[in-house]
Amino acid sequence: MNRRQTLFAGASLASLFAGLSASKPALAFAVEKSDEEWRKQLDPAAYNVLRKQGTERAGTSPLDHEKRAGTFSCAGCDQKLFASQTKFDSGTGWPSFYQPLAGAVGESSDRAYGMTRTEVHCSRCGGHLGHVFDDGPRPTGLRYCMNGVAMTFQAA
């Protein structure tokens, strides 16, 4: 099995278990809403990812193929997260970036599914965006693997 097949198989398993991740302590964020308010604001797919730490199926986000100049923002609170100049094609089926905008994201340890990963969330509303890995391109060597449904795009 090659790397891409392994990643897609892992993504399929992750989507099967979406919502079963370990609970985390509550953090305070500038934008806080009740669960009911988030459900009303977000479509079901975005709610599952942003508020329940779900994962969208690989290859389903149009943002993975977005190539225009612009900014990727949080679908929950509109905070700007990533500049298009830092986006690259990782071949994973999810929008990937090598660097977030300053102060835009927070990170926490994710020990779900019997592994330890670094979860990435919006620093303003706490919405789950994806994970960061150390197999990205220069200059950072990082791959911020984000769920497209957790973001919006505004062309420059």
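**Cys125**

I looked up Cys125 first and found it in the loop between S6 and S7. The model is a predicted one, and I read every entry below with that in mind. Is Cys125 buried or exposed? Its relative accessibility is 2%, so I logged Cys125 as buried, under the 20% cut-off. Leaving aside neighbours within four places in sequence, I listed the contacts of Cys125 as Phe29, Val31, Trp38, Arg51, Cys74 and Cys77. I also checked Leu27, which lies 98 residues from Cys125 along the chain. The C-alpha atoms of Cys125 and Leu27 are 9.8 Å apart.

**Other cysteines and disulfides**

Two cysteines appear among the contacts of Cys125, namely Cys74 and Cys77, so I searched for disulfides next. How many disulfides does the structure hold? I counted zero. For Cys77, I noted that the nearest cysteine sulfur belongs to Cys122, at 3.5 Å. A pair has to lie within 2.5 Å to count as a disulfide, and Cys77 is in none. Cys77 has 9% relative accessibility and therefore goes down as buried. Cys145, with a relative accessible area of 11%, is buried because that value is under 20%.

**Nonpolar core**

I then turned to the largest nonpolar core, which has 27 residues. Which of its residues touch the most other members? They are Leu81, Phe82 and Leu129. I noted the elements that each supply at least two residues of this core: helix H3 (44-52), S1, S2, strand S6 (117-122), strand S7 (128-133), strand S8 (143-146) and S9. H3 gives the largest share, four residues.

I pulled the contacts of Leu129, again leaving aside neighbours within four places in sequence. They include Leu50, Leu81, Val105 and Val120. His121, Cys122, Cys145, Met146, Asn147 and Ala150 are also in contact with Leu129.

**Sheet**

Last, I traced the open sheet of three strands, in the order S2-S1-S9 and with antiparallel pairing. Its edge strands are S2 (80-83) and S9 (151-155), each of which pairs on one side only. From one strand to the next, I recorded an average twist of 30 degrees. S1 (residues 70-74) and S2 are joined by three bridges in the antiparallel sense. Which residue of S2 is the bridge partner of Phe72? I found Phe82, the residue already entered above for its contacts within the core.

Notes:
Residues are numbered from 1 along each chain as its sequence is written. This is a predicted model: local features need pLDDT of at least 70, side-chain atom pairs count only at pLDDT 80 or more; totals for chains, interfaces and linings use all residues. Side-chain values use heavy atoms; hydrogens and water are left out. Two strands pair if DSSP finds at least two bridges between them. Axes are lines fitted to C-alpha atoms, for helices over the stretch in contact, and angles run from 0 to 180 degrees between N-to-C directions. A nonpolar core is a set of buried Ala, Val, Leu, Ile, Met, Phe, Trp, Tyr and Cys residues joined through side-chain atoms within 4.5 Å. Buried means under 20% relative accessible area, exposed over 50%, partly exposed in between (1.4 Å probe, protein chains only). Contact means heavy atoms within 4.5 Å.
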